[in-house]
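This report walks through one protein model. Look at the fold as a whole, then at its sheet, then at two backbone angles.

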Amino acid sequence: MKMLRVLCTLLLGVLVLSCDSNRVYEQYENIPDFEWNQDNILRFEVEISDTVQANNIFINLRNSGDYAYSNLWVFVKVISPDNGIEEEKVEIELADETGDWYGSGFGDIFDLQVPFKQKVVFPKSGKYVFEITQGMYDLKLKGIANVGIRIEKEK
C-alpha cells in the first residue's frame, strides 16, 4: 500500500511537470560550489522552428540565503541563426529593501523567474544561442546555485 502511494505521487509529479504546454524551452546550468566566476559563460542553445508565435523569455535564478547582495547584474547575449548578435545588461532584483528574498524558497535556496523579453517573435527558424555572464564587481560571486532560461508561448 505504501509503495502504491509513492508510485502514485511520483506519477502525479511527472504528469504535472510534463503538462506545461506553453513551454518551448527551459534549461538550468549548475554553478559549481555556488560560486559564479566572471569567466563562466553559461550557454543555452535553443532550436526554434516557429516564426509566427509570440514568446516570452525569462531568466531563471536560484540563489542561496547567504548571497551578499539584493540584486544581480547579468550580461545576456543572444546570437541568432544568421549570427546576428544582441547584447543587453539586465538587473535582477533578488530581495526587497528589508532583505526579504523574492521568489519561492525551499530551505536556504530561493527560486526566481524574471521576465527578460516579452512578446518576442523569432524572425528566423534555427539555433538561437543565449549566453549569460554575471556582471557584478566580484570576480567570484558566492551564493548563486543555478541560472537558466525559459521560453514560453505568449498566452
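## Contacts and overall make-up

Among contacts in the protein between residues at least 6 apart in sequence, what percentage join residues at least 24 apart? The share is 79%. The model behind this value is predicted.

The protein has one helix and eleven strands. Read from the N terminus, the order of elements is α-β-β-β-β-β-β-β-β-β-β-β. The helix therefore leads, and the strands follow.

## Burial and surface

The protein has 155 residues, and 37% of them count as buried. The cut-off for buried is under 20% relative accessible area. The exposed surface of the protein comes to about 9,600 Å². Carbon and sulfur atoms supply 54% of that area.

## The open sheet

Four strands make up an open sheet. Their order across the sheet is β3-β9-β5-β6, with antiparallel pairing. Strands β3 (42-48) and β6 (85-93) sit at the edges, each paired on one side only. On average, neighbouring strands of this sheet are turned by 20 degrees against each other, direction ignored.

Strands of a sheet pair through backbone hydrogen bonds, in a parallel or an antiparallel way. One pair here can be followed in detail. Strand β5 covers residues 71-79 and pairs with β6 over nine bridges, in the antiparallel sense. Which residue in β6 stands opposite Lys77? That residue is Glu87.

## Two positive phi angles

Most residues other than glycine have a negative phi. Two residues of this model deserve a look on that point.

Phe34 is not a glycine, yet its phi is positive, at about 55 degrees. Phe34 belongs to the loop between β1 (23-30) and β2 (35-37). Is Phe34 buried, partly exposed or exposed? Its relative accessibility is 35%, so Phe34 counts as partly exposed. The partly exposed class lies between the 20% and 50% cut-offs.

Lys119 also has a positive phi, near 55 degrees, and is a residue other than glycine. Where does Lys119 lie? Its place is in strand β8, which spans residues 109-120. Lys119 has a relative accessible area of 60%, so this residue is exposed. The cut-off for exposed is over 50%.

## Summary of the two sites

- Phe34: loop between β1 and β2; partly exposed at 35%.
- Lys119: strand β8; exposed at 60%.

Note on methods. Residues numbered from 1 in each chain as written. Predicted model: local features only at pLDDT ≥ 70, side-chain atom pairs only at ≥ 80, totals over all residues. Heavy atoms only, no water. Pairing = 2+ DSSP bridges. Helix = DSSP H or I, 4+ residues; strand = E, 2+ residues; numbered from the N terminus. Axes fitted to C-alpha atoms, helices over the stretch in contact; angles between N-to-C directions. Buried < 20%, exposed > 50% of the residue type's maximum accessible area, 1.4 Å probe, protein only. Contact = heavy atoms within 4.5 Å. Areas by Shrake-Rupley, 256 points an atom, 1.4 Å probe, with all protein chains shown as cover.
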